[in-house]
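Here's a friendly walk through a protein for anyone meeting it for the first time. Have a look at the sequence and the 3D view, then read on.

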Amino acid sequence: MVSALTDLDTSHHFAGVKRLVVKIGSALLVSEAGEVERYWIASVIEDIERLRKENGIDVVLVASGAVALGSNLLDLPPRDKRSLEDSQAAAAAGQIILSGLFSELFRSHRRRAAQILVTLDDLQDRRRYLNASATIDRLISLGATPIINENDSVTTEAIRFGDNDRLAARVAQAANADMVLLLSNVDGLFTEDPRKNPDAKHLPVVDDIGSLNVKLGASTGPGSGGMGSKVEAARIATASGISLAIADGQSPNPVMRYRDQGKGTLFTANDDVNARKAWIAGKIDVAGRLTIDEGAEKALCEGNSLLAAGVTDVDGEFARGASVDIYSKDGILLARGLISYNSGESRQIAGKRNDAQRDLLGYAPRSAIVHRNNMVLL
């Protein structure tokens with residue numbers, strides 16, 4: 001559901017927020033000439049300090065831009081012509097610029113900054129995820145602001161988040177945050193790209209991502225994300241009980257501007273989410289896809305497990321315990337879960353009732369192909 005609220009109605013979205021993740025996109029942090037936007041970054045840090053003093057909100061920063069900065073520093077070719085090795089070298093060179101700048105600017109407020117570089121595996125593996133969560137908590141308790149980025153100097157296309165929007169949503173889970181604020185070079189979510197259609201309608205509040213009917217455009221700047229990645233980040237966050245907002249960050253002091261004016265798009269959080277299911281909802285290394293019939297869809301919506309009898313199609317190659325997405329027969333994403341069988345076994349028993357599964361598998365079937373305790377509705 002999309003709520004038809006005015007901008008005035010959206011001015012109090014920090015109410016009740018005690019921990020906030022702010023994501024800064026490359027398009028804001030780095031100029032078209034490849035130079036860091038120092039004055040703008042200083043204004044964001046000023047906003048963070050004001051939030052802490054005036055609202056009692058602790059902030060975790062997710063900041064991209066290392067590759068763009070490093071490419072300029074090392075005179076590397078543009079993104080579409082860079083090799084993987086070039087991008088990794090650029091990340092290494094750019095990250096040291098960013099960390100030094102953030103440290104200096106926070107010190108001007110008598111605050112400390114701390115850097116955490118993560119890979120996809122760090123937040124997909126449950127044990128490493130909990131370690132990251134503990135580190136973030138400890139840093140905040142020590143009065144330091146965690147600044148998190150993907151470790152692009154060692155990641156490859158196969159083992160990376162690919163955009164800092166989804167990374168911010170995953171960090172919010174690990175940080176036990178109440179809200180994510182994605183600062184971008186757009187005013188929020190529209191029914192379609194407003195640059196191409198001036199009649200596109202702005203959506204101030206989204207209560208149900210599944211009901212969205214929008215045309216998601218391509219990337220909106222030098223970063224690797226676009227509106228599609230922001231909506232996926234919202235799906236991860238809201239399924240974890242965390243609200244997410246997209247706001248225009250092109251002018252100085254963008255966080256205060258959103259606090260005071262509320263202009264942007266707010267995705268409201270789901271209620272009654274437990275920590276394990278939040279982790280499952282945010283998993284990005286989805287290895288397979290199950291399509292189910294109407295009866296199974298109804299059962300899922302009522303809180304039941306997914307039985308093999310309701311599965312009509314199995315896509316992908318995966319091991320037991322892998323993440324799979326569950327779709328309706330109409331192609332609507334319904335849920336994400338950890339599957340009880342590998343891909344070959346899943347195909348064998350898809351559409352089959354329990355009494356037929358024993359003969360196909362050679363052993364007694366498990367209670368469900370995806371158990372409700374290992375599944376979260378999206």
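## Sites listed in the record

Let's start with what the record says. In an unreviewed entry, UniProt lists Lys23, Ser224, Gly225, Gly226, Met227, Gly228, Ser229 and Lys230 under "binding site". Keep in mind that the model you're looking at is a predicted one.

Take Lys230 from that list. Lysine 230 sits in helix H8, and with a relative accessible area of 3% it is buried, because anything under 20% counts as such. Setting aside residues up to four places away in sequence, Lys230 touches Lys23, Asp165, Leu182, Ser184, Leu244 and Ile246. One of those partners, Lys23, is itself on the UniProt list.

## A second set of annotated residues

The "binding site" annotation in UniProt, again from an unreviewed entry, also covers Ser64, Asp152 and Asn164. These three span 101 residues in sequence, yet no two of their C-alpha atoms are more than 11.2 Å apart, so they gather at one spot.

What about their surroundings? Aspartate 152 is in the loop between E5 and H7, and it is buried, at 14% relative accessible area. Asparagine 164 belongs to helix H7 and is buried too, with a value of 9%. Not counting residues up to four places away in sequence, Asn164 touches Lys23, Val62, Ala63, Ser64, Asn149 and Glu150. So Asn164 is in contact with Ser64, another residue covered by the annotation, and with Lys23, which UniProt lists as well.

## Helix H7, from end to end

How many residues of H7 are buried? The count is 11 of the 11, so the helix is largely enclosed by the rest of the structure. Among these buried residues are Asn164, Asp165, Arg166, Arg170 and Val171. Asp165 has already come up, as one of the residues touched by Lys230. Just after H7, asparagine 176 takes a positive phi of about 55 degrees.

## The nonpolar cores

Which residues touch the most other members of the largest nonpolar core? They are Val21, Ile136, Val171, Leu244 and Phe267, out of 40 residues in that core. Several elements each supply at least two residues of it, including strands E3 (58-63), E4 (112-118) and E5 (144-150), along with helices H6 (126-141), H7 (164-174) and H8 (227-239). There's also a second, separate core of 35 residues, which includes Ile24, Ile41, Val44 and Ala247.

Val171 is a handy one to click on. Leaving out residues up to four places away in sequence, it touches Val21, Val60, Val62, Leu123, Ile136 and Ile148. Val21 and Ile136 in that group are also named with Val171 among the residues that touch the most other members of the largest core. Leu244, named there too, is touched by Lys230.

## Helix H4 and a patch on the surface

Now look at helix H4 (residues 84-107), where isoleucine 97 has its place. Ile97 is partly exposed, with a relative accessible area of 31%. Together with Leu73, Leu74 and Ile96, it makes a nonpolar surface patch of about 360 Å².

Glutamine 95 is in H4 as well, but this residue is buried, at 11% relative accessible area. Its contacts, not counting residues up to four places away in sequence, are Ala66, Gln115, Leu117 and Asn149. Asn149 is also touched by Asn164.

## Alanine 308

Further along the chain, alanine 308 lies in the loop between helix H11 (294-301) and strand E11 (311-315). Is Ala308 buried or exposed? At 3% relative accessibility, it counts as buried.

Leaving aside neighbours within four places in sequence, Ala308 is in contact with Ile349, Ala350, Gly351, Lys352, Gln357 and Ile369. The C-alpha atoms of Ala308 and arginine 347 are separated by 9.3 Å, with those positions 39 residues apart along the chain counted as their separation.

## The whole protein

Time to zoom out. The secondary structure comes to 13 helices and 14 strands, and buried residues make up 51% of the 378 residues. Among contacts between residues at least 6 apart in sequence, 74% join residues at least 24 apart. The accessible surface comes to about 17,000 Å², and 48% of that belongs to carbon and sulfur atoms.

Key:
Residues numbered from 1 in each chain as written. Predicted model: local features only at pLDDT ≥ 70, side-chain atom pairs only at ≥ 80, totals over all residues. Heavy atoms only, no water. Patch = residues over 30% accessible without salt bridge, like charges linked within 9 Å, V, L, I, M, F, W, Y side chains within 5 Å. Areas by Shrake-Rupley, 256 points an atom, 1.4 Å probe, with all protein chains shown as cover. Salt bridge = Lys/Arg side-chain N within 4 Å of Asp/Glu carboxyl O. Helix = DSSP H or I, 4+ residues; strand = E, 2+ residues; numbered from the N terminus. Buried < 20%, exposed > 50% of the residue type's maximum accessible area, 1.4 Å probe, protein only. Core = buried A, V, L, I, M, F, W, Y, C linked by side-chain atoms within 4.5 Å. Contact = heavy atoms within 4.5 Å. UniProt positions renumbered as here; feature names shortened; annotations may be inferred.
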